[in-house]
Amino acid sequence: MLPAATSISGSSERHEPKRTCVVCREGGGSGQFLELGLIGNDVVLTPVSKGRGAWVCATRQCLEKLDNRVLARAFKTKVSMDAIGDPVAFCRDLASRRLVESLGLARRQGVVEIGVEPTARALSRGEEGVAVMADDLSERSTRQLEGATVLGSSEFVGRAMGLKRAGAAWIPAGAMAEKAALWAGLVRELGLPEQNDEVVESAVE
Ligand SMILES: [Zn+2]
């Protein structure tokens with residue numbers, strides 16, 4: 001599902017539990033699904049430690065078909081989607097916020113390379129990892145960063161990592177990249193929220 005720039009080597013070889021999407025019934029590893037939980041009768045888009053979990057593909061197609069009927073069947077009980085509302089809009093916000101959080105965390109852990117050059121280099125070498133780029137770069141830089149996930153202005157990408165600005169960032173393969181890859185994929189799939197600036201404000205607090 002994810003293009004080469006965000007695929008993480010080895011993840012397919014590990015023995016992950018098989019998941020099945022509640023909408024399309026396709027199975028696969030956890031890296032391509034969003035986990036749904038149940039709190040009371042409310043469906044939430046976070047894993048719930050106790051109780052049943054369910055999974056949905058991190059794709060627009062399956063998120064659009066997520067409804068009470070599908071979820072009631074999955075959880076085998078009456079459910080409410082009030083906590084999620086429109087799943088596509090909800091996941092668009094969530095993906096942007098989680099990707100911003102991943103960048104901040106990667107920066108604090110020292111596992112991110114910042115700037116157009118190192119990111120473009122990693123991409124051109126076909127290295128495994130997650131590439132993020134700004135939407136206000138020169139044509140040349142934009143070309144060099146093909147395959148990277150566009151996250152917002154240079155200021156926006158920078159602020160995610162506690163910097164004034166950053167044109168691009170690269171999270172090399174590892175635990176951090178594995179998490180970020182799901183959110184980066186979803187950002188590419190669903191686009192960015194209209195109020196993206198508010199998303200980063202709340203995520204970097
Ligand atoms: Zn699906």
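Me: Which elements each supply at least two residues of the lining of the second largest pocket?

Reply: β5 (53–57) and α2 (68–75) do so. Strands (E, at least two residues) and helices (H or I, at least four) are DSSP runs numbered from the N terminus. The model is predicted, so local features need pLDDT of at least 70 and side-chain atom pairs pLDDT 80 or more, while totals for chains, interfaces and linings use all residues. Residues are numbered from 1 along each chain as its sequence is written, and side-chain values use heavy atoms, without hydrogens and water.

Me: What makes Trp55 a lining residue of the second largest pocket?

Reply: A pocket is an open set of points on a 1 Å grid over the protein atoms alone, where a 1.4 Å probe fits, with protein on both sides within 12 Å along at least five of seven lines; a lining residue has an atom within 4 Å of a point. Trp55 is among the residues that meet this criterion, as are Arg52, Gly53 and Ala54.

Me: Why are β7 and β9 said to pair?

Reply: Pairing requires at least two DSSP bridges between two strands. β7 (residues 129–134) and β9 (residues 168–172) share 5 bridges in the antiparallel sense, and therefore qualify. Met133 has Ala168 in β9 as its bridge partner, and Val130 stands opposite Ile171 in β9.

Me: Why are β6 and β8 placed at the edges?

Reply: The open sheet runs β6-β9-β7-β8, with mixed pairing. β6 (113–114) and β8 (149–152) each have a single partner strand, so one side of each lacks a neighbour in the sheet.

Me: Why is β9 described as largely enclosed?

Reply: Because 4 of its 5 residues are buried (under 20% relative accessible area, 1.4 Å probe, protein chains only), β9 is largely enclosed by the rest of the structure.

Definitions and conventions: Buried means under 20% relative accessible area, exposed over 50%, partly exposed in between (1.4 Å probe, protein chains only).
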